[in-house]
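I opened the notebook to jot down what I could look up here. Short entries, one topic at a time.

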Number of protein chains: 2
Amino acid sequence: MTHYIEQPPILVAVDCIIFGFDGQDMKQLLIKRGFDPEKNKWSLMGGFLQPHETLDEAANRVLKQLTGLEGVYMEQLHVFSDPNRDPAERTLSVAYFALIDIHQYEIQLSDDYHAEWFLLNKKPRLIFDHDDMVRMAQKQLRYRAAIHPILFELLPQRFTIPQLQSLYEGVYDTLFDNRNFTRKLMSTGLLIKQKEKDKSGSKKGAFYYKLNKRKYKANQDAFLNIVPKADKFI
Amino acid sequence: MTHYIEQPPILVAVDCIIFGFDGQDMKQLLIKRGFDPEKNKWSLMGGFLQPHETLDEAANRVLKQLTGLEGVYMEQLHVFSDPNRDPAERTLSVAYFALIDIHQYEIQLSDDYHAEWFLLNKKPRLIFDHDDMVRMAQKQLRYRAAIHPILFELLPQRFTIPQLQSLYEGVYDTLFDNRNFTRKLMSTGLLIKQKEKDKSGSKKGAFYYKLNKRKYKANQDAFLNIVPKADKFI
């Protein structure tokens, strides 16, 4: 095993990017770093990989230790490996990300932890290359949102157009023209109008809608129709 | 920096998955491993990350050292981190992958190196978790091929339907019914028939086609049309 002995050991960290939607706004969870360098600066939830755990396990452990959040399905995003990214030691960081329903995790995220939700466009500058990590996670989220119904998983079973628009505006960090957004959304034929209205937002109220899941699925398949049964492959 | 000193350093490797298309078949490049454990067994092109390089640089260096290939654009795929994946030492491996035109790199891949191309479904069993890496790369490739025109980049400017079918059959590791494949492909309206025929494969010959790139692009945008100018985001 001589070949191994000559190799340089490296520290490996994980950093967790948690996006959340509260029914109105897209937010991001951050903490103040607990150790030097950059102690007390805003940071992603991060920690070091330990000998007997996988990266997935490390990401879950770190997230739980620093925020109390448990059972969040996080996806491995990318390894950041610039030799100078951490001024203290050569440290690789594997970024993980998730998009969660903020209300669902409200209780776990108690005041015992000092994690805070920030609006995406009002978050503080983060340490090291954490802003790059967030940018990449946001890009990945936009990519996914454009081809998969993942955003609908953050909405209640029935939702209003203004809610859906807020979610898209949060993910894409841009304001959409109300009338155009509604028109385009309706032209997809993917939404089923319900009889009831949500009257919490305005006197006039907004009709509830449901996603036509069968049609959503069929639309995706149509796009993949060169390959027979493409969905079994991807 | 006490916090850093207590952390366990870990070895970090890169492994390169190179898929190739030679106009007829999808293949995969493999080498025989040069050191213990598992010396002389079939393996991906792998090596250890060095102190002053990024992972991208390591992947390019390793690929060049072991195969002679240079200037191949590889994409970071996933980090494999099972604590027991390498029996010699705790080693993380970052898998990279690329899909290349075999003819374009024929000269670089000289006999000085002992890399060999294998048909995807006739490759030998690989060491460690390399077969898992290949499976994940293939899945990623199928996913990409379904939503992006990356496969067309492997075909000449003008190509025949049998060529395109071979490429898809290679990527999806399945045989398509000729008539159905042709019919579905034509129904996309994405191919522009040329006047000339390729007569190298049969006496009757096969018409050449070109991709209607403008229409291909527009089709993708149509799918993303809930979001105005989605392409600028992803």
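Below are my entries on the core, the salt bridges, the backbone oddities, the strands and the helices.

**Entry 1: the core**

First a reminder to myself that I am working on a predicted model. I went for the nonpolar core to begin with. The largest one holds 52 residues. Which residues have the most contacts inside it? I found Ile18(A) and Ile18(B).

Then I checked which elements feed this core. In chain A, strand S1 (11–21), strand S2 (26–32), helix H2 (55–67) and strand S6 (91–101) each give at least two residues. Chain B does so through strand S1 (11–21), strand S2 (26–32), helix H2 (55–67) and strand S6 (91–101). So both chains are in it, by the definition that joins buried nonpolar residues through side-chain atoms within 4.5 Å.

I looked up what surrounds Ile18(A), skipping its neighbours within four places in sequence. Its contacts include Leu29(A), Met45(A), Leu63(A), Leu69(A), Val72(A), Met74(A), Ala98(A), Ile100(A) and Trp117(A). Lys27(A) and Gln28(A) are also in contact with Ile18(A).

**Entry 2: salt bridges**

How many salt bridges turn up over all chains? My search of the whole structure gave 18. I noted three in chain B.

Asp22(B) and Lys27(B) are paired through their side chains, at 3.0 Å from N to O. Buried or exposed, these two, Asp22(B) and Lys27(B)? Both are buried.

Next I took Lys41(B) with Glu38(B), where the closest N and O atoms are 2.7 Å apart. Lys41(B) has a relative accessible area of 44%, so I put it down as partly exposed. Glu38(B) is partly exposed as well, at 29%.

The third is Arg61(B) with Glu53(B), with 2.6 Å between the closest N and O atoms. Arg61(B) comes out as partly exposed at 25%, while Glu53(B) is buried at 9%. The cut-off for buried is under 20% relative accessible area, so the two partners fall into separate classes.

Over in chain A, I found Lys123(A), Arg125(A) and Asp131(A) joined into one network by salt bridges that share partners.

**Entry 3: backbone oddities between S2 and S3**

I scanned the peptide bonds. The bond between Asp36(A) and Pro37(A) is cis, with omega at about -10°. Where does Pro37(A) sit? I placed it in the loop between S2 and strand S3 (42–43) of chain A.

I then tried chain B. Asp36(B) and Pro37(B) are joined by a cis peptide bond, omega again about -10°. Pro37(B) lies in the loop between S2 and strand S3 (42–43) of chain B.

Back in chain A, I looked at phi. Glu38(A) has phi near 70°, a positive value in a residue other than glycine. Glu38(A) is in the loop between S2 and S3 of chain A, and at 27% relative accessibility I count it as partly exposed. Asn40(A) is not a glycine either, yet its phi is positive at about 70°. Asn40(A) belongs to the loop between S2 and S3 of chain A.

**Entry 4: strands around S10 of chain B**

I followed S10 (residues 206–211) of chain B. With strand S8 (residues 159–160) of chain B, S10(B) pairs in the antiparallel sense over 2 bridges. One thing I wrote down there is that Thr160(B) has Tyr208(B) as its bridge partner in S10(B).

How many bridges join strand S9 (residues 191–198) of chain B to S10(B)? I got 5, and the two run antiparallel. Leu191(B) stands opposite Leu211(B) in S10(B).

**Entry 5: helices of chain A**

I compared helix H4 (residues 161–172) and helix H5 (residues 178–187) of chain A. They pack at about 100° with their axes 11 Å apart. H4(A) and H5(A) are therefore roughly perpendicular to each other. On the H4(A) side I listed Ile161(A), Leu164(A), Gln165(A) and Tyr168(A). They meet Asn178(A), Phe181(A), Thr182(A), Leu185(A) and Met186(A) of H5(A).

Last, I looked up His130(A), which is in helix H3 (residues 130–147) of chain A. At 2% relative accessibility, His130(A) counts as buried. What does His130(A) touch, not counting residues up to four places away in sequence? I noted Asp15(A), Ser43(A), Leu44(A) and Arg85(A).

Notes
Residues numbered from 1 in each chain as written. Chains lettered and ligands numbered in written order. Predicted model: local features only at pLDDT ≥ 70, side-chain atom pairs only at ≥ 80, totals over all residues. Heavy atoms only, no water. Buried < 20%, exposed > 50% of the residue type's maximum accessible area, 1.4 Å probe, protein only. Helix = DSSP H or I, 4+ residues; strand = E, 2+ residues; numbered from the N terminus. Contact = heavy atoms within 4.5 Å. Salt bridge = Lys/Arg side-chain N within 4 Å of Asp/Glu carboxyl O. Pairing = 2+ DSSP bridges. Axes fitted to C-alpha atoms, helices over the stretch in contact; angles between N-to-C directions. Parallel < 35°, antiparallel > 145°, perpendicular 65-115°, else oblique.
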